[in-house]
Amino acid sequence: MSDVSGSELRALMARVPSVEKVMASAEFTPLIGEYGRTQVLGAVREALDNWRTSAQSGAASVSALDAAQLKDSVEATLRQRNQSRLRSVFNLTGTVLHTNLGRALLPDEAVQSVMKALTQPANLEFDLDTGKRGDRDDLIDELICELTGAEAATVVNNNAAAVLLALSALASKKEVIVSRGELVEIGGAFRIPDIMSRAGARLREVGTTNRTHLKDYEEAIGPQTALLMKVHASNYAINGFTKEVGLDEIAPLAHARGLAVAVDLGSGTLVDLGQWGLPREPTVRETVKAGADLVTFSGDKLLGGPQAGLIVGRRDLIAKIKKHPLKRALRVGKLTLAALEPVLQLYRAPEKLTERLTTLRLLTRPADDIRLAAERVQPALQRALGERYAVAAEPMFSQIGSGALPVDVLPSYGLVVRTADGKRGGRQLLALEKLLREMARPVIGRIADDALRLDLRCLEAADEAQLIGQLEGVRA
Ligand SMILES: *Cc1c(COP(=O)(O)O)cnc(C)c1O
């Protein structure tokens with residue numbers, strides 16, 4: 001960089017307009033209208049300071065001081081600064097319930113309900129019959145009981161909170177018996193042994209990693225025992241020489257000794273997924289019926305609702321949980337309840353679920369339908385990427401995600417991008433993946449087997465049109 005001479009620099013600096021003059025120019029009026037005077041003033045000062053700095057190293061062009069050009073650059077700065085950090089993306093990862101991409105997408109009924117709760121006062125904790133203070137759980141507990149067959153229910157912030165609260169309320173300073181094969185880490189630092197100690201309960205491990213017998217539970221029961229607990233293994237499976245004791249055996253044992261059984265179901269589906277050809281999971285109702293005294297599960301996994309933790313079970317246990325001080329700290333907000341209620345109501349018409357409940361619609365989407373989408377998007381992606389890449393529509397497998405049924409996969413379809421020269425192109429694919437992430441609405445895929453893979457299962461009609469439009473706006 002060539003430094004400028006003193007007299008040249010003085011001449012350049014003399015051309016910098018005053019901040020007041022810039023602000024008063026006609027070009028800036030709409031900007032001030034949109035962003036407010038304070039922000040625009042700050043951005044103009046910054047732009048002029050930056051220009052002065054680059055002028056000193058001889059890198060500034062005088063035309064950048066032109067009112068129209070200055071306005072464009074200030075506007076770009078302001079627009080970028082005011083862009084939301086939480087952005088919509090295209091989830092083409094093939095994982096339907098993707099924790100890092102916000103898990104379940106909610107149906108329109110939930111969206112409308114949340115809008116109302118956001119903008120209008122509501123009877124969140126107000127009993128409309130008596131005019132007295134109410135309990136927010138009253139809005140939703142009967143519906144949860146209807147769908148699960150449980151006596152009572154309560155809702156907290158997420159399932160991790162549900163487990164923490166249940167253990168704190170029912171097993172503090174006492175022992176909880178859990179099979180070694182179920183001492184799982186769910187990811188994002190949720191580990192059963194850690195939650196247990198945070199709740200002040202003592203973990204009593206029984207059995208071995210691969211095999212646990214009823215007599216292991218039986219021998220562990222003592223005067224300190226508060227609960228027997230079963231945990232859904234969620235994100236892993238043990239195969240081979242294994243033995244797990246079912247609830248049908250544990251519940252009678254616990255009840256004969258005057259103890260309760262708690263089950264952390266994780267995903268906790270409310271319907272038999274087998275009816276749609278999906279892998280079967282025990283439903284919450286079956287779990288309650290099989291003798292669980294308490295069941296905890298997530299709102300935003302297979303249930304298809306907002307982030308929440310649902311606790312259902314025996315009336316006396318739920319009452320104890322609701323009285324615990326942590327319940328207040330872990331309670332849900334009105335937006336969660338507003339979203340959860342309409343989602344649960346959809347379950348009253350199970351024959352319509354695959355149409356109305358977004359999560360289930362995506363999980364049951366036929367591979368042929370996804371193939372047609374892939375064939376429609378393929379030309380747009382090929383044109384956008386140009387000759388250096390080859391884009392093909394190919395079959396692939398999606399996953400349910402969020403720890404549900406980890407070993408099962410769903411036949412799907414998507415676009416596979418390889419380097420056109422057939423070389424492995426690791427670095428080229430990484431660069432492409434990054435480029436897609438940098439689009440106005442970022443496209444999130446995954447790289448596997450020397451190709452970038454975009455699974456189109458989660459790309460429904462409106463999103464498909466938007467993606468094609470976005471790709472058409474790209475020059476290769
Ligand atoms: C997912 C999961 C959790 C955590 O649930 P969040 O709703 O994410 O807090 C706890 N236990 C099991 C078995 C799970 O699968």
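**Exercise 1. Determine which strands helix α13 lies across, and describe the sheet to which its neighbours belong.**

Solution. Helix α13 (residues 315-323) lies across β2, β6, β7 and β8, and runs at about 30° to β2. Angles run from 0 to 180 degrees between N-to-C directions, with axes fitted to C-alpha atoms. Helices (H or I, at least four residues) and strands (E, at least two) are DSSP runs, numbered from the N terminus. The model is predicted: local features need pLDDT of at least 70, side-chain atom pairs count only at pLDDT 80 or more, and totals for chains, interfaces and linings use all residues. Residues are numbered from 1 along each chain as its sequence is written, and side-chain values use heavy atoms, leaving out hydrogens and water.

Next, the sheet is open and has seven strands in the order β2-β8-β7-β6-β5-β3-β4, with mixed pairing. Strands pair if DSSP finds at least two bridges between them. At the edges stand β2 (152-156) and β4 (202-206); each has a single partner strand, so one side of each lacks a neighbour in the sheet. From one strand to the next, the twist averages 25°.

Finally, helix α7 (residues 141-148) also packs on the sheet, where it touches β2, β7 and β8 (309-313). The direction of α7 makes about 115° with that of β2.

**Exercise 2. State in which sense β6 and β7 pair, and name the bridge partner of Asp264.**

Solution. Strands β6 (residues 260-266) and β7 (residues 294-298) pair in the parallel sense, over four bridges. Asp264 has Thr296 in β7 as its bridge partner.

**Exercise 3. Describe how α6 and α15 cross.**

Solution. The axes of α6 (residues 108-119) and α15 (residues 334-346) come within 8 Å and cross at roughly 150°. Therefore α6 is roughly antiparallel to α15, a term for angles over 145 degrees.

The contact (heavy atoms within 4.5 Å) includes Val114 and Leu118 of α6 and Leu335 and Val343 of α15. By class, the contact has 10 nonpolar, one polar and two charged residues. Ala, Val, Leu, Ile, Met, Phe, Trp, Tyr, Cys and Pro count as nonpolar, Asp, Glu, Lys and Arg as charged, and the others, Gly among them, as polar.

**Exercise 4. Decide whether Thr95 and Asp449 are buried or exposed.**

Solution. Buried means under 20% relative accessible area, and exposed over 50% (1.4 Å probe, protein chains only). Thr95 has 16%, so Thr95 is buried. Asp449, in the loop between β12 (446-448) and β13 (451-455), has 66% and therefore counts as exposed. Asp449 also has a positive phi of about 50° although it is not a glycine. Most residues other than glycine have a negative phi.

Conventions. Angles under 35 degrees count as roughly parallel, over 145 as roughly antiparallel, 65 to 115 as roughly perpendicular and the rest as oblique.
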